[in-house]
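Please follow the model below in two steps, beginning with a metal site and ending with a pair of packed helices.

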Amino acid sequence: MPYKPMSPATFDLFADAEPEQERRREPIGEQSFVLRGFALPWLDRLLPALETVLADAPLRQMVTPGGFTMSAAMSSCGTWGWTTDRSGYRYTRHDPQTGRPWPAMPEVFFELAQAAAREAGFAGFVPDACLINRYVPGAKMSLHQDKDEACLAAPIVSVSLGLPAMFLFGGFERSDKSQRVPLLHGDIVVWGGVDRLRYHGVLPIKGGQHPRLGEQRINFTFRTAK
Ligand code: SIN
Ligand code: FE2
């Protein structure tokens, strides 16, 4: 399905500074934390870098092996990008849509991911993959585990921008009860160690307009894929 690119009207790099948002570290598991507002000071560098990445590797809705079109649109940057189609899901070096290598991970992405991981107790995190998800109102992510990475010793660092989301943070079985964690623009969730394989997902995004990103939520998940 074609994607409406982010128009300057909804992607305003020069919008007013974010309202004051408290920065704090909330545990949601033994080795899992929400870092409230952690990404906010990085935004002026992050958003232009995101635009550059998406110009090279446009967002697209992928199809699962079961034949369902995912409601979130995806792209990647870094050495490895995550893709799915009817034949399965995998990390690839090239974007199957363009045939080009995935765009390099911008320095600011890498620095932010490292800083957030360190804040959550995972010093020395070296992400080689960043999956970018774009949710429009109604889009969601069903409960799943991130288990396609060769390196499960490394955490997942997940950055939320734009419209709010209700993040589900579950257990080690799909049927385990999930915590509901509201995520706002600038929040980062880090999970790793004993929590690395916990199920997680996102409830359908509610309609709304974010002052800086418009009618969408953008999420980055940093991983060490290989
Ligand atoms: C994911 O699990 O890949 C995305 C999580 C999110 O959008 O918060
Ligand atoms: Fe995930």
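Four donors count as tetrahedral if all angles lie between 85 and 135 degrees, and as square planar if opposite donors are over 155 degrees apart and all others between 65 and 115, while anything else is irregular. In this predicted model, the four donor atoms of the iron ion (ligand 2) make angles of 89 to 175° among them, and the site is irregular. The protein contributes H144 and H200, each through NE2, and D146 through OD, at 2.1 to 2.2 Å from the iron ion. Along the chain these donors follow the spacing H-x1-D-x53-H. Because D146 lies in the loop between β8 (141-144) and β9 (156-162), whereas H200 belongs to strand β13 (residues 200-202), the pair ties together parts that are 54 residues apart in sequence.

The second step concerns helix packing. Helix α1 (residues 43-56) packs with helix α2 (residues 107-119) at an angle of about 130°, their axes being 9 Å apart, and the two are therefore oblique to each other. Their crossing is left-handed. On the α1 side the contact is made by R45, L46, A49 and L50, and on the α2 side by V108, F109, E111 and L112; six of these contact residues are nonpolar, two are charged and none is polar.

Key
Residues are numbered from 1 along each chain as its sequence is written. Chains are lettered from A and ligands numbered from 1 in the order in which they are written. This is a predicted model: local features need pLDDT of at least 70, side-chain atom pairs count only at pLDDT 80 or more; totals for chains, interfaces and linings use all residues. Side-chain values use heavy atoms; hydrogens and water are left out. Axes are lines fitted to C-alpha atoms, for helices over the stretch in contact, and angles run from 0 to 180 degrees between N-to-C directions. Helices (H or I, at least four residues) and strands (E, at least two) are DSSP runs, numbered from the N terminus. Angles under 35 degrees count as roughly parallel, over 145 as roughly antiparallel, 65 to 115 as roughly perpendicular and the rest as oblique. A crossing is left-handed if the near helix is turned anticlockwise from the far one by less than a right angle, and right-handed if clockwise. Contact means heavy atoms within 4.5 Å. Ala, Val, Leu, Ile, Met, Phe, Trp, Tyr, Cys and Pro count as nonpolar, Asp, Glu, Lys and Arg as charged, and the others, Gly among them, as polar. Donors are N, O and S atoms within 2.8 Å of the metal (3.2 Å for Na, K and Ca); water is not among the atoms, so sites may look incomplete. Four donors count as tetrahedral if all angles lie between 85 and 135 degrees; four count as square planar and six as octahedral if opposite donors are over 155 degrees apart and all others between 65 and 115; anything else is irregular.
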